[in-house]
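Trainee: I am new to this structure and would like to know what stands behind the words people use for it. Could we go through them together?

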Amino acid sequence: MSTLVIKDLHVSIEGKEILKGVNLTINTNEVHAIMGPNGTGKSTLASAIMGHPKYEVTQGTIEIDGQNVLEMEVDERAKAGLFLAMQYPSEISGVTNADFIRSAINARRGEGNEISIMKFIRELDKTMEFLEMDPEMAQRYLNEGFSGGEKKRNEILQMMMIKPTFAILDEIDSGLDIDALKVVSKGVNEMRGENFGCLVITHYQRLLNYITPDYVHVMMQGKVVKSGGPELAKKLEAEGYEWIKQELGIED
Ligand code: ADP
Ligand code: MG
Ligand code: MG
């Protein structure tokens with residue numbers, strides 16, 4: 001079992017404090033969902049975990065099995081088993097999707113332990129079929145001209161191929177129609193198990209009908225203010241966030 005522990009995390013962007021003491025522990029074999037109104041710092045949390053240079057950690061710790069993640073460069077974090085599927089995946093011209101994925105797998109496996117081309121191609125074909133993706137997408141430049149839905153599906157393809165220990169999915173559901181949502185969810189559910197933990201960030205409860213989380217956390221104003229089980233997401237869907245603000249005495 002592996003554990004990702006975030007303690008009292010404070011993060012600033014350009015001198016402005018966005019995260020104000022986030023605490024969160026995720027074990028493998030668990031799916032956690034973070035919900036919350038727009039602008040409360042959910043994407044900031046994802047970016048800080050992955051080590052985006054714009055996000056300055058001013059206080060607190062992030063550890064995987066006792067290893068200090070904050071001391072790691074971005075590539076070292078990936079090697080340590082972290083994966084981020086972004087709200088807005090970027091395009092990389094000149095790098096095919098297949099090459100990108102193979103490099104990422106090999107970076108994680110380390111020198112001398114690279115995946116064989118044949119094994120890679122077999123797994124890629126199988127996984128793309130599972131995700132109902134056009135095989136031609138493997139040879140296209142990364143995210144270039146991909147539709148919103150194709151980008152999201154492709155992020156899940158990357159995740160399934162790279163097999164991270166912890167994946168963070170930031171609004172993987174945004175802009176997806178119901179069929180794409182089902183496919184993306186199928187990919188996440190396929191990964192669930194003792195070697196995989198997941199943090200699903202979403203604005204909407206809908207995704208959680210397909211990926212049933214073990215834990216649901218509500219983020220507001222840069223903090224996790226409430227945690228519970230899947231029923232908490234249902235209550236938020238039905239009643240919104242107002243009741244939590246009142247319960248906790250949070251002012252807008
Ligand atoms: P969420 O994902 O919950 O919608 P974000 O983490 O994207 O929230 O944003 C939290 C706050 O940080 C917002 O007030 C937003 O304007 C600000 N913010 C996010 N990213 C940046 C950035 N790159 N530069 C400046 N401000 C940012
Ligand atoms: Mg947002
Ligand atoms: Mg966001």
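Mentor: We will take the sheet, then the helices, then the ligand. This is a predicted model, in which local features need pLDDT of at least 70 and side-chain atom pairs count only at pLDDT 80 or more, while totals for chains, interfaces and linings use all residues. Residues are numbered from 1 along each chain as its sequence is written, and chains are lettered from A and ligands numbered from 1 in the order in which they are written.

Trainee: What makes strand S1 and strand S2 a pair?

Mentor: Strands (E, at least two residues) and helices (H or I, at least four) are DSSP runs, numbered from the N terminus. Two strands pair if DSSP finds at least two bridges between them. S1 (residues 3-13) and S2 (residues 16-27) have nine bridges, in the antiparallel sense, so they meet that definition. One of the bridges sets Val-11 against Leu-19 in S2. The two strands form a hairpin with two residues between them, and Glu-14 in the turn has a positive phi of about 45°.

Trainee: Which strands are called edge strands?

Mentor: The open sheet has four strands in the order S2-S1-S4-S5, with antiparallel pairing. S2 and strand S5 (67-68) are the edge strands, as each pairs on one side only. S1 is joined to strand S4 (residues 55-64) by eight bridges; in S4, Gln-59 is the bridge partner of His-10.

Trainee: How do you know that the length of helix H3 agrees with its number of residues?

Mentor: The expected span is 1.5 Å times one less than the number of residues. H3 (residues 97-109) has 13 residues and should span 18 Å; its end C-alpha atoms are 18 Å apart, so the two agree. Just after H3, Gly-110 takes a positive phi of about 90°.

Trainee: Why are H5 and H6 described as roughly parallel?

Mentor: Helix H5 (residues 148-162) and helix H6 (residues 178-191) pack at an angle of about 10°, with axes 10 Å apart. Roughly parallel means under 35 degrees, and H5 and H6 are therefore given that name. Their contact divides into eight nonpolar, two polar and three charged residues.

Trainee: What makes a residue part of the surroundings of ligand 1?

Mentor: A residue counts as near if its C-beta atom, placed from the backbone, lies within 6 Å. Among the residues around ligand 1 are Ile-13, Glu-14, Lys-42 and Lys-54. Helix H1 (residues 42-50) gives the largest share of the shell, three residues.

Technical notes: Axes fitted to C-alpha atoms, helices over the stretch in contact; angles between N-to-C directions. Parallel < 35°, antiparallel > 145°, perpendicular 65-115°, else oblique. Nonpolar A, V, L, I, M, F, W, Y, C, P; charged D, E, K, R; others polar.
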